[in-house]
Amino acid sequence: MKIEIKKYCIKTVAVCLAGLSVFSLTACGANGDPGKDLIISEEVEERCVNLYSPMEKTDPDAENVARSATDKTVILAEEQLGIKVAYITYTAEDYKDKTYDDVALDRARNDMDDLYLLNPDVIRTLGEEGKLMDLSGLANVENLREVVKTANTVDGKLVAVPQEVVAYGLFTNKELFDQYDLELPETPEEFLECCRVFKENGIETPIGANRWWLETFVFAQAYAELYNGGNTEAEIEALNSGEAKYSDYMRPGFAFLKEIIDKGYVDAGKARVSEAIEGEGADFLDGKTPIVMAYWGAANTETAYGATEFEMQVIGFPSSRGQMPVISMTGFGIGVNAEHGEDALRALEIMTSDEALQIYAETNRVISPSQNVEVDCVPALKPLKDRIEEGVYVLGSNAGMKMEQWGNTCLIVRKLLDGATVDECMEEIDRLQEESLSK
Amino acid sequence: MKKKLNGNRKSKGSSLLLSIIIVFFVLGTIVLSVSHKISREMSSSAIQNLSESLDLIKCTIEAILNNEAEFQKLIAHEIALVEDPEEYIRSYEKNQSMVKMSLVLSGETKGVSNTGETFLAEELDFSLGDTVKGLEVSRAYMNYMGTWAYTMKCPVEKDGQEIGMLYVEYTYDFLDRSLPTGFYNKKAMLYIMDARSERFVLKPKGMGERSAGHLNLEDFYRANSIEDENIRENVNDCLKTGKNILFYHDIREKKSLNYMWAVNDGTIYLVGYVPIEAIQQEGKAVNQSIFIVVSAMLIAFLLCCLFYYLNQRQQNRLRKEREAEREIHNKQLAEALQAAQIASNSKTMFLSNMSHDIRTPMNAVLGFTTLLAMDAENPVKVREYTKKIMSSGQHLLSLINDILDVSKIESGKVVLNIEKFTLNSLVSSVDAIIRPMAKSKNQTFHVEVTGIQHEYLLGDETRINQILINLLSNAIKYTQEGGNIWFRILGLKQHSLQFEHIGIEVEDDGYGMMPEYLETIFDAFTRAENSTTNKVQGTGLGMAITKNIVELMGGTIEVSSEVDKGSLFRVELELRIPEGQADKQFWEKNGIRRILAVDADEEGSKTIQALMKETGVFVDTASRVEEAVDLLRHGGDYHLALLDWDIPDMDGRQAASELRMAMPDSMPLFLLADCDAQGPEEMAETGRTGILTKPFFVSAFKEKILEMQMEQRGEHIIKAIGSEDLEGLRFLAAEDNDINAEILAEILKMEGADCEIVENGRLAVERFETSEKGEFDAILMDVQMPVMNGHDATRAIRALKRQDAREIPIIAMTANAFAEDEKAALDAGMDAHVAKPIDIEYLKQVIKQCTGGKQ
């Protein structure tokens, strides 16, 4: 036994000495050659794709699931194609600044970048302007759900492909509802009743809002019948032909918003200048606000509402057909004159492949645009998911409608927040409808 | 002493350890201070390097701005020269630097732009008064391309009059091309900040776009947790005064050097941070190298210590082993010394005992010899004295024999002489010796043999005899007068069919022994001593000899004893059974097929049956005489009957008479009786009745039958013992010792024989050679003699070319009394061996055998 230990010690010492010798020799061998060019040859410039995408103004050390999910697919593309995807970002400092969408439009129109992550209204606008590349030829288009293709097709061209189907819902503090013996609301009336009770019980602002997402209330009430009444195509056709008016659909929603503003259930002043989640998120997380509106992914994201200390339930918006999810899609588009268009196309092909979408969906636990990808969701999202699986939802944007919905409605809701009447808002909608019909 | 040594070793080890620690501490301090010094110098150098790099970037950006301003002035000058300045503007195509060009003619509020839209100067903020080469610079803004931009305005003068204002928009993106790629190996962060709005207007590609914190200065503070008010105030002061600032602050838990570097008199700033590890990369590399070198030295040192330690440990171990070995040797030596002392003591004691034991009979011999000399005329006294001298001489001889025996057994020279023998002869010879001894002390000697399956066995009869004699003579010796001695031979359960397992018990009701003596009874030179036994003479070697012989035979010996109650010695031996021992032919030849044994003792009957089993003779047993009579009268076709003389409730004579009446006259009757039984002899005279001494043995039985047959045939057994003297015989004796020669001559003379003495073997040979044929009847040859010993002389005689040289009996007469001596004598050609001192009766017997009773 002792002899073995001794042998082992000798071996160890021998290895150490050998290691030291090698180290010493390599250290000595690095002397410069007098005639040699000392400039370290620069790396071959790698191919680059510029991606314009939003950036969240959040704590950089916190885990941002949404960004991580996209990053994972970007890394997949970088690895497979040997390219570098450079992120270009913009965030408005305040409401007076240009919005992300404004800058997206400007940059796309001036061919500043290759790949853009765009909101539905921008997709539609740029699609109509012919600034986005037709993506119908992508290898994985056939995997996409029909509703996804419909929502992103402009003038017969598939101009954007999303990585997730974004479902908007009401994020509720179930414990506060239970505290005041309130059921989660199904209809606008029930919703108003809940707000009344909260208000009476000292909750000053029952609804936390920002300048972007109040429009989801309008869509839920406006299109609950249109998308779930069984006569969708005819009704859209009627709207596109001018036979029917968008204002007729949207009036109840705006009236509803006007009422909650007037009754102080929403702090209009704060909402007008608040960015998404940033404005209302803190109060909701502190249990001061029982209701906020947000997208599906916020329930999974630590930086949003992924780690509440209370029981949270995400439900659809109140409508005549009960709780109504509002579905929207931010999609990736490629500039038609993109400097690195080909690489951007290949990158997008990988980023929206089933493999990448599976990674994305598993990371964010969201609804995937690919019909081949299915993942579980967090318990809080179950009510919303159940409704979507039942096929009950409205689209927040639809490229099949001639009038752009998502962006326009958002702007008009802001006017309502600024103090416009419901009628004034309806007039604006009528004007926009006419404008779109005249194109 | 040992403790002191250990203490010294420990204190030595402690001081060595302390020295090592001190050396390491000093070495560590030196290395640490050197490392810190290098770090400081490297850090200072890196700060210098960073400052220079930032200055370079600053100069580059300023140069671009200046160029842009100069170029704008040239364009303004050119516009002043063209006929239609607005058309000039519209026709301008943007490039990467100047992305928009606008002109507002004097006196107008709106102007034209190359992008085609109406230009409103009021949309731009020139209120801050920043300038480049005298041209005013607007605040940074997000331009129509969705990127951060600034505009410089330049008056268009013609003939000394201002005809309009030229606005040219530049993007900050353009500056990106002039910035270094991979600033500090891509570990540093570099932004360009508009000083007035504190917005970050350029975030170079590949430099942290994926991280938050690059919206504006406040966002930068928040994202990087720069909350120190002093730092913020210092930064604000610098921003106001257009100075540079460098400060340390942790960025994402890494110590970093943060910078705000003013460009163009502080209108824009280079903002960012460099992790210290990136700045001190060289320092770190140097420190790592130092660390490796120190580690290597440390490891080498530790290895040396380890080897030293192992070596020391091994040496300690060896030393301890040697010490242990020495201790063992010392112990062994001490033990050997002790053993030697004990042996010496034992021998001293032995010698003392022997001296006493030898002197006692010797004293008797010499004393009685003196008395003999004085009373030579008194025949009664002479006979008495010679008897006592003889007794003392015999005791002396047994003493010498025992000593020699012990010495021989202990040196392992004893060889067992395995031969076939019968238990009958063994018991008979023992009985013949012991019974008279017992009788002399009025002791009763009982002999019992039970359960024996085989009578003929293989073994050294002489040695077994020796065992029995030792045990029995001891029993007699240590039993008071009138006591009892029991000698039993028991057949025990056989372990193997080839071996007879016998137990020998010698019991007495004598003095018994103390328990402490029992422990040493089998040791040599020990003897039970008390006031009673001290009267008893003995060598103290008998038991040691007995035990050694028993063990030599593979047997065991045990003893149990109680003082004043007696002792019991039990010997167990396994003796091989010889093949074909049963003499069936004798019984068949004499027509003896069935006998009747009358014995009240069931064990006795069984022993008879067992011993007779192999003879093929069927044995019927009867425990009572009536039963035997009945068997004899009704159907018993017996050829002879055997009757135990000691049959209970009936006198032996009566029993024998009754049996005899029931038996046919021709049928022999044998009476089985103790040797001292009264009455059997009378019955024997009645005819066809024989006496068989107990215990029963087949061989003895057979002999008696033969005797009876011979008597019937009228033959008389000639007594072997004829004339006791050696009348008329003439011997040649070779004896070098004069006294022995004289004794021999006198003894032979007393026996009527003539003897011629020669002094050595050579003379014996010569004398025989010259003798006439038949002159000598035998030659008595001593063995150890000068000139030629007895063996050589015998060989020489046998080699003589005389006819009688081979025939003349040569009898060895020597003090070499062992079996091998006898064998050597026989091998040399002698005919017999007689040990000295000479037993005249034995000598006569041997001479007769050799000479064939010639006289």
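A residue is buried if 20 or more other C-beta atoms lie within 10 Å of its own, exposed if 12 or fewer, and partly exposed in between. Keep this rule at hand. The model in these exercises is predicted.

**Exercise 1. Three loop residues**

Task: Decide whether Asp181(A) is buried or exposed, and say where it sits.

Solution.
- Step 1. Find the place. Asp181(A) is in the loop between helix H6 (174-179) and helix H7 (188-200) of chain A.
- Step 2. Count. Asp181(A) has 7 C-beta neighbours inside 10 Å.
- Step 3. Apply the rule. Exposed means 12 or fewer, so Asp181(A) counts as exposed.
- Step 4. Check the backbone. Phi of Asp181(A) is near 55°, which is positive although the residue is not glycine.

Task: Do the same for Asn442(B).

Solution.
- Step 1. Asn442(B) belongs to the loop between helix H9 (423-440) and strand E15 (444-450) of chain B.
- Step 2. There are 10 other C-beta atoms within 10 Å, so Asn442(B) is exposed.
- Step 3. Asn442(B) also has a positive phi, near 55°, and is a residue other than glycine.

Task: Now classify Tyr265(A), and list what it touches.

Solution.
- Step 1. Tyr265(A) lies in the loop between helix H10 (246-262) and helix H11 (268-273) of chain A.
- Step 2. Tyr265(A) has 23 C-beta neighbours inside 10 Å, so it counts as buried.
- Step 3. Leave out residues up to four places away in sequence. Tyr265(A) then touches Cys195(A), Lys199(A), Thr205(A), Pro206(A), Ile207(A) and Ile260(A).
- Step 4. Take Pro206(A) from that list. Pro206(A) and Tyr265(A) are 59 residues apart along the chain, yet their C-alpha atoms are separated by 5.4 Å.

**Exercise 2. Two packed helices**

Task: Describe how H4 and H16 of chain A pack.

Solution.
- Step 1. Know what to report. Two packed helices are described by the angle between their axes and the distance between the axes.
- Step 2. Read both values. Helix H4 (residues 120-129) and helix H16 (residues 406-418) of chain A pack at about 125°, with axes 6 Å apart.
- Step 3. Name the arrangement. This angle makes H4(A) oblique to H16(A).
- Step 4. List the residues. H4(A) contributes Pro120(A), Asp121(A) and Val122(A), while H16(A) contributes Trp406(A), Gly407(A) and Asn408(A).
- Step 5. Sort them by class. The contact has three nonpolar, two polar and one charged residues.

**Exercise 3. A sheet in chain B**

Task: In what order do the five strands of the open sheet stand, and which strands are at the edges?

Solution.
- Step 1. Write the order: E22-E21-E23-E24-E25 of chain B, with parallel pairing.
- Step 2. Look at the ends. Strand E22 (618-622) and strand E25 (689-693) of chain B each have a single partner strand, so one side of each lacks a neighbour in the sheet.
- Step 3. Add the twist. It averages 25° from one strand to the next.

Task: Which strands pair with E21(B), and over how many bridges?

Solution.
- Step 1. E21(B) and E22(B) pair in the parallel sense over five bridges. Here Ile595(B) has Val619(B) in E22(B) as its bridge partner.
- Step 2. Strand E21 (residues 594-598) and strand E23 (residues 640-644) of chain B are also parallel, over four bridges. Leu596(B) is bridged to Ala641(B) in E23(B).
- Step 3. Check burial. Four of the five residues of E21(B) are buried, so the strand is largely enclosed by the rest of the structure.

Task: Which helix lies across E24 and E25 of chain B?

Solution.
- Step 1. Helix H18 (residues 698-712) of chain B does, running at about 155° to E25(B).
- Step 2. Look at the loop between E25 and H18 of chain B, where Pro695(B) is found.
- Step 3. Check its peptide bond. From Lys694(B) to Pro695(B) the bond is cis, with omega near -5°.

**Exercise 4. Chain totals and confidence**

Task: Summarise chain A.

Solution.
- Step 1. Chain A has 17 helices and 13 strands.
- Step 2. Of its 439 residues, 49% are buried.
- Step 3. Take contacts between residues at least 6 apart in sequence. In chain A, 78% of these join residues at least 24 apart.

Task: Where in chain B does pLDDT fall below 50?

Solution.
- Step 1. Start with the average. Chain B has a mean pLDDT of 82, and 89% of its residues reach 70 or more.
- Step 2. Residues 528-537 of chain B are below 50, and this stretch has 12 contacts in the model beyond near neighbours in sequence.
- Step 3. Residues 715-723 of chain B are below 50 too, with five such contacts.
- Step 4. Note the scores for the model: ipTM 0.74 and pTM 0.52.

Key: Residues are numbered from 1 along each chain as its sequence is written. Chains are lettered from A and ligands numbered from 1 in the order in which they are written. This is a predicted model: local features need pLDDT of at least 70, side-chain atom pairs count only at pLDDT 80 or more; totals for chains, interfaces and linings use all residues. Axes are lines fitted to C-alpha atoms, for helices over the stretch in contact, and angles run from 0 to 180 degrees between N-to-C directions. Angles under 35 degrees count as roughly parallel, over 145 as roughly antiparallel, 65 to 115 as roughly perpendicular and the rest as oblique. Two residues are in contact if their C-beta atoms, placed from the backbone, lie within 7 Å. Ala, Val, Leu, Ile, Met, Phe, Trp, Tyr, Cys and Pro count as nonpolar, Asp, Glu, Lys and Arg as charged, and the others, Gly among them, as polar. Two strands pair if DSSP finds at least two bridges between them. pLDDT is the predictor's confidence in each residue, from 0 to 100.
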